[in-house]
Amino acid sequence: MKHPQIGPLPPELQSHAGYSRVFKPGQLTFGFIMPLEGYPHSPFPTLENHVHLARKADEAGFSALWMRDVPFYDPHFGDTGQMLDPMVYLGFLAAHTRQIALGTAGMVLTLRDPLILAKQAVSVDQLTQGRLLLGLSTGDRMVEYPAFGVDYDNRGERFREAFSLIKTVTEQSFPTLSTTHYGELRGEIDLIPKPVGQRMPMLTIGRARQELSWIAQQSDAWIWHLSSFRQLPELLEQWRASHEGQWLRPYGYGSFFDLADDPQTPLMQVGNGLRAGRHALIALLEQHQALGVSHIAFNLKPLRRPAEDALAELAEFVLPQFSA
């Protein structure tokens, strides 16, 4: 069964350097959740060779590098992401890469001041000439909320309001807007700089306590985690049905991934991640491309082999199978 392609993309997204690299009608693309290394037995990455490997991913033609927003180490959760602040890390990687999109997956919008985040985001957008994809979430760690003195129960409402606030100040000049949980804009001040293009792509990461219809109407894409393979077709049908006449937004997912040394290793779903040799991986990705998945972000935390070796194998044998 052939599923509808994403789009038709608005002109400002067709011409956006980062968005057009990651979201291509009818084509599955791949990126990595930073850092580019395996650390299966520790919550803490080493960050060794992370700049070298980011350049390798860029040069090989992968579409995106994604930064997670994990303010604190929670021993019960057991994963610290890249440890570095995502906006600082984005600025650093911007100076060491040339074409690959740089995204957040995702900034915990309900723990951050949306106006400061808007300023940071457009700064990265300017410095990268439009390679930023601003992914926003409500996070997945309730234990962090008391440290910030923020109400956990109303995070869905505050997410919507902060999302709208960022869109307003990055897309309008001297805007007016009243908010319930944040401040008031009276048309007397303007956020500068504005994005390089007509606007900055804003993505919803996870469900963010929102209805699919809200995500489809307000976001430029939806990135979630990989649910069970059996549920994916139904999920994508629900996603397409939620658009109500809107242009079809891309759907992608992130997944922990361990590329086996033996290319013949069968596919295994291990917890909320995958382990496979490249042949089984290619077969799975072809199925997901046919279903209408637009992007997959691999998280190499469970990887048991050197990341540079796995990256090289994916670049040589997997990427060419999905090139335009």
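**Notebook: aromatic pairs, overall shape and three single residues**

I began with the rings: Phe30, Phe32, Phe62, Phe257, Phe298 and Phe322 are linked into a cluster by ring pairs. The model is a predicted one, and I kept that in mind for every entry below.

*Entry 1, aromatic pairs.* I counted the aromatic pairs in the structure and got 15. I looked up Phe32 and Phe298, whose pair is tilted, with 6.4 Å from centre to centre and 45° between the planes. This pair links distant parts of the chain. I found Phe32 in strand β1, residues 29–33, and Phe298 in strand β13, residues 295–299, with the two positions 266 residues apart. I checked burial as well: Phe32 and Phe298 are both buried.

I then turned to Trp222 and Tyr251, and noted an edge-to-face pair at 5.1 Å centre to centre, with an angle of 65° between the planes. Trp222 belongs to strand β9 (residues 222–225) and Tyr251 to strand β10 (residues 251–259), so this pair ties together parts 29 residues apart in sequence. I read a relative accessibility of 0% for Trp222, which therefore counts as buried. Tyr251 has 1% and counts as buried.

*Entry 2, the chain as a whole.* I listed eleven helices and 13 strands. The C-alpha trace spans about 60 × 45 × 35 Å along its principal axes. I compared the radius of gyration with the globule rule: a compact globule of 324 residues would have a value near 20 Å, and the chain's 19 Å agrees with that.

I looked up the buried share next, and it is 55% of the 324 residues. The accessible surface comes to about 14200 Å², and carbon and sulfur atoms account for 51% of it. I took contacts between residues at least 6 apart in sequence and noted that 71% of them join residues at least 24 apart. For the charges, I have 28 positive and 34 negative, and their mean positions lie 3 Å apart.

*Entry 3, Ser294.* I placed Ser294 in the loop between α10 (278–291) and β13. Its relative accessible area is 4%, so I recorded Ser294 as buried. I left aside neighbours within four places in sequence and listed the contacts of Ser294: Ile6, Val22, Phe23, Gln27, Leu28, Thr29, Pro250 and Tyr251. Tyr251 had already come up in Entry 1 as the ring partner of Trp222.

*Entry 4, Gly18.* I found Gly18 in helix α2, which runs over residues 17–22. Its relative accessibility is 0%, so Gly18 counts as buried. I did not count residues up to four places away in sequence, and then Gly18 touches Ala101, Gly130, Arg131 and Leu133. I also took the C-alpha to C-alpha distance from Gly18 to Val88, and it is 18 Å for a pair 70 residues apart in sequence.

*Entry 5, Ile192.* I wanted to know whether Ile192 is buried or exposed. Its relative accessibility is 53%, and since exposed means over 50%, Ile192 counts as exposed. I placed Ile192 in the loop between β7 (184–186) and β8 (202–205). I looked up its distance to Val169, 23 residues away along the chain, and the C-alpha atoms are separated by 8.8 Å.

Notes
Residues numbered from 1 in each chain as written. Predicted model: local features only at pLDDT ≥ 70, side-chain atom pairs only at ≥ 80, totals over all residues. Heavy atoms only, no water. Rg over C-alpha atoms; globule rule 2.2 N^0.38 Å. Buried < 20%, exposed > 50% of the residue type's maximum accessible area, 1.4 Å probe, protein only. Contact = heavy atoms within 4.5 Å. Areas by Shrake-Rupley, 256 points an atom, 1.4 Å probe, with all protein chains shown as cover. Lys, Arg positive; Asp, Glu negative; His and termini not counted. Charge placed at Lys NZ, Arg CZ, Asp CG, Glu CD. Phe/Tyr/Trp six-rings, centres within 6.5 Å; stacked < 30°, edge-to-face > 60°.
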